[in-house]
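Biologist: I have a model open and want to learn how to read it. Shall we take it feature by feature?

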Protein chains: 2
Amino acid sequence: MNKNITMRDIAEKMGVSSVTVSKALNDKEGVSEELKERIKLLAGEMGYRINTVAKSMKEGLTYNIGVVIPERFTGPAQSFYLRVYQEISIALERYGYYGILHILTHEDEKQLNLPRVYYDRKVDGFIILGQISKPYIEAVEQIEQPKLFLDFYDEHADIDSVTTDNFYCAYELTNYLIQQGHRSIAYVGNIYSTSSIQDRYLGYYKSLLEHRIPLKESWILNDRDDEGSFIDIDIPEELPTAFVCNCDQIAHLLVLKLKSLGHRVPEDCSVVGFDNDVFATLTEPHLTTVEVDIEKMAQTAIHSLLRKISSPEVRFGRVLVQGKIIYRESVNEKNKSLQDEVSHH
Amino acid sequence: MNKNITMRDIAEKMGVSSVTVSKALNDKEGVSEELKERIKLLAGEMGYRINTVAKSMKEGLTYNIGVVIPERFTGPAQSFYLRVYQEISIALERYGYYGILHILTHEDEKQLNLPRVYYDRKVDGFIILGQISKPYIEAVEQIEQPKLFLDFYDEHADIDSVTTDNFYCAYELTNYLIQQGHRSIAYVGNIYSTSSIQDRYLGYYKSLLEHRIPLKESWILNDRDDEGSFIDIDIPEELPTAFVCNCDQIAHLLVLKLKSLGHRVPEDCSVVGFDNDVFATLTEPHLTTVEVDIEKMAQTAIHSLLRKISSPEVRFGRVLVQGKIIYRESVNEKNKSLQDEVSHH
DNA sequence: CTGAAAGCGCTTACAG
DNA sequence: CTGAAAGCGCTTACAG
């Protein structure tokens with residue numbers, strides 16, 4: 001019905017210039033309050049909608065942000081990054097910005113092809129959501145636009161990052177296990193895989209160090225190959241009394257495996273996860289885990305990136321977002337578990 | 001480094017006009033092959049990237065599609081629509097289009113506020129992904145741009161839709177149960193809730209009709225309230241031998257409930273789901289279910305919508321995408337289940 | 001085969 | 001307080 005109403009159309013109807021209409025609709029100075037009101041009213045009546053493309057062209061801003069997620073983090077069981085993207089979309093709302101999702105294929109990552117949004121100048125900045133290969137990081141560094149790593153970081157790259165405080169959360173979680181009397185604690189995760197898994201491992205290790213518990217290499221259990229595909233977990237001969245898993249999904253698989261071997265959770269061994277995703281409450285018993293604050297991460301990332309867009313020289317470095325331990329039923333006190341052990345046999 | 005290289009910059013370096021550069025880079029007629037090649041080469045060397053905003057302004061197209069998902073379909077356990085959105089993003093790639101996600105809040109849906117992408121003229125068309133309220137459908141009808149309902153439809157609205165063939169898939173799935181000897185079959189789902197749940201119910205019903213099995217009202221089990229929140233399922237006194245669930249998640253909950261009441265699945269009763277999502281293989285036994293072809297749905301939706309953008313008069317009506325039955329372990333032959341019953345007691 | 005001119009719809013100085 | 005002019009970087013007729 002109202003086909004492409006422009007500021008000029010409004011201006012002509014009002015008998016003023018389009019400059020005045022622009023100023024009025026943008027609440028700029030230089031137009032009397034009374035005229036402003038009349039212009040806004042007429043604009044509303046005429047069903048005027050701004051042409052942001054023209055605005056963008058003039059200002060040199062697209063008001064779009066590119067969100068790049070590597071394909072390997074987007075399998076059917078992995079909704080975590082999609083959920084982060086969702087929160088990013090919501091966080092962008094209040095700034096008048098929009099998010100454009102780009103799934104980075106294995107192929108493009110290997111070939112170092114930058115996302116099409118880049119070549120199309122579709123966005124004012126980039127969020128790389130999820131760890132990418134070293135060579136691809138170097139490719140991304142060439143992009144002369146504001147960018148931010150979300151949920152991972154790379155010390156070689158001088159790029160700001162926002163991540164959960166994986167190190168500290170895993171440290172606290174392990175401390176909790178030790179407080180519950182555990183001293184034989186394994187870590188489950190490929191510690192060469194991502195910065196998250198590595199840092200969670202180091203938090204676990206710090207807790208052991210502080211409590212003078214020696215680290216046992218045979219209790220660092222690999223859970224995935226270098227492509228990130230889960231592999232069967234080797235349960236060690238000498239069974240630990242607790243397992244710190246790098247994520248809920250692997251904790252879920254571990255519990256299934258332990259049960260199939262005849263071990264009871266948490267009576268025989270305790271298991272903790274990380275993420276507090278669907279798997280945390282799908283596992284029986286429900287997992288004690290760390291809740292990652294997706295909303296806060298998205299907000300922090302957007303806030304930082306938009307500041308970098310307006311002031312390109314701003315540096316944030318490595319920004320950490322705190323997680324929160326969620327206590328559920330997958331951890332037993334060690335004494336209690338010993339008693340159970342006796343009555344069990 | 002290469003700050004805002006324009007076609008003019010290339011034109012000046014080459015000693016031609018920017019019109020010629022535009023034609024060359026867009027492979028239009030009117031430039032000799034030899035000159036085209038030289039221009040493309042120089043553009044590459046200079047790191048030229050097109051300014052799509054300027055292109056958009058000239059052409060009156062944004063090359064963006066708005067994807068609107070009601071908030072209630074985006075909970076922590078519901079990644080289905082986000083996965084559809086992901087496939088939409090991928091499908092748009094080949095057309096040079098981009099997707100912009102808008103999560104429609106309860107509030108905005110109630111207040112009939114159209115998404116901001118609409119007011120900002122940010123997109124050339126809309127995909128409404130997931131059932132919206134009747135009044136909101138009417139609001140959406142006012143949008144004078146191409147639009148499409150995805151994964152639901154409304155007969156009162158003259159808006160094209162793309163959905164899984166829920167009716168036929170549920171019909172086939174129920175036929176399969178009957179082939180396995182079942183005749184006491186319940187349906188689980190709020191049949192007034194969404195068109196999907198309703199159509200799956202009707203497919204189930206058609207199968208009963210064809211096999212002259214009377215429909216029992218007491219075997220239509222409600223699973224959610226009007227807001228879509230799951231409620232506790234009432235298991236009927238007289239236990240059916242099979243349950244057709246409207247989705248895998250509810251099948252998962254049903255299996256837990258049946259087990260807690262001492263019934264074995266599939267020995268005592270069979271259960272089938274719909275969607276083939278994470279819950280299908282998280283359930284023990286793994287669920288026989290219908291795999292929804294997300295990729296095909298996304299591709300069909302995009303293809304249809306883009307055609308409507310170039311030819312606004314085109315109508316597609318109700319487009320159905322076939323699903324596929326995935327046979328797993330949650331269904332027993334009726335005879336077999338009777339035998340087990342005997343040996344069990 | 002090549003290019004000068006016009007225009008898409010805004011906003012930003014600048015002049016009055 | 002108000003407006004004429006210029007320009008953002010393309011593409012589309014149209015003229016040569």
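Modeller: Start with contacts along the sequence. This is a predicted model. Take the contacts in chain A between residues at least 6 apart in sequence: 64% of them join residues at least 24 apart.

Biologist: How many helices and strands does chain A have?

Modeller: There are 14 helices and 12 strands in chain A.

Biologist: What radius of gyration does chain A have, and what would a compact globule of 345 residues have?

Modeller: The compact globule would come out near 20 Å, but chain A has 26 Å. Now set the spans beside that value. Along its principal axes, the C-alpha trace of chain A covers about 95 × 40 × 35 Å.

Biologist: What share of chain A counts as buried?

Modeller: The cut-off is under 20% relative accessible area. By that test, 55% of the 345 residues of chain A are buried. The accessible surface of the chain is about 16000 Å². Carbon and sulfur atoms hold 49% of that surface.

Biologist: Now a single residue. Where is A:Asp223 found?

Modeller: A:Asp223 sits in the loop between β7 (220–221) and β8 (242–245) of chain A.

Biologist: Why does A:Asp223 count as buried?

Modeller: Compare its accessibility with the cut-off. Buried means under 20% relative accessible area. A:Asp223 counts as buried because its relative accessibility is 0%.

Biologist: Which backbone atom lies 2.8 Å from a polar side-chain atom of A:Asp223?

Modeller: The backbone nitrogen of A:Asn190 does. A:Asn190 is also on the list of residues that A:Asp223 touches, leaving out those up to four places away in sequence. Others on that list include A:Val188, A:Gly189, A:Phe230, A:Ile231 and A:Asn246.

Biologist: On to the DNA. Which residues are closest to DNA strand C?

Modeller: Count the surrounding residues, then pick out the closest. DNA strand C is surrounded by 22 residues. The closest are A:Ser22, B:Thr20, B:Lys23, B:Gly30 and B:Lys58. By class, this surface has 10 nonpolar, eight polar and four charged residues.

Biologist: Which parts of DNA strand C lie within 4 Å of the protein?

Modeller: Of the strand C atoms within 4 Å, 62% belong to sugar or phosphate. The rest belong to bases.

Biologist: Which residues have an N or O atom by a phosphate oxygen of DNA strand C?

Modeller: Separate side chain from backbone. A:Asn26 uses a side-chain N or O atom, 3.1 Å from a phosphate oxygen of strand C. B:Ser17 uses a backbone N or O atom, at 3.2 Å. B:Ser32 has a polar backbone atom 3.0 Å from a phosphate oxygen of this strand. Next, the elements. Those giving two or more residues to the surface near DNA strand C are α2 (18–25) and α4 (52–59) of chain A, together with α2 (18–25) and α4 (52–59) of chain B.

Biologist: And which residues are closest to DNA strand D?

Modeller: They are A:Thr20, A:Lys23, A:Gly30, A:Lys58 and B:Ser22, out of 22 that surround strand D. Its surface divides into 10 nonpolar, eight polar and four charged residues. Sugar or phosphate accounts for 62% of the strand D atoms within 4 Å of the protein. At least two residues each come from α2 and α4 of chain A and from α2 and α4 of chain B.

Biologist: Which side chains have a polar atom by a phosphate oxygen of DNA strand D?

Modeller: Among them is B:Asn26, with an N or O atom at 3.1 Å. B:Lys28 has one at 3.0 Å. B:Tyr48 places a polar side-chain atom 2.8 Å from a phosphate oxygen of strand D.

Terms used
Residues are numbered from 1 along each chain as its sequence is written. Chains are lettered from A and ligands numbered from 1 in the order in which they are written. This is a predicted model: local features need pLDDT of at least 70, side-chain atom pairs count only at pLDDT 80 or more; totals for chains, interfaces and linings use all residues. Side-chain values use heavy atoms; hydrogens and water are left out. A residue is near a molecule or strand if one of its heavy atoms lies within 4 Å of it. A polar contact is a pair of N or O atoms within 3.5 Å; within protein, one must be able to donate a hydrogen and the other to accept it, and residues adjacent in sequence count only if both atoms are side-chain atoms. Helices (H or I, at least four residues) and strands (E, at least two) are DSSP runs, numbered from the N terminus. Ala, Val, Leu, Ile, Met, Phe, Trp, Tyr, Cys and Pro count as nonpolar, Asp, Glu, Lys and Arg as charged, and the others, Gly among them, as polar. The radius of gyration is taken over C-alpha atoms; the globule rule is 2.2 Å times the number of residues to the power 0.38. Buried means under 20% relative accessible area, exposed over 50%, partly exposed in between (1.4 Å probe, protein chains only). Contact means heavy atoms within 4.5 Å. Accessible areas come from the Shrake-Rupley method with a 1.4 Å probe; for residues, only the protein chains shown count as cover.
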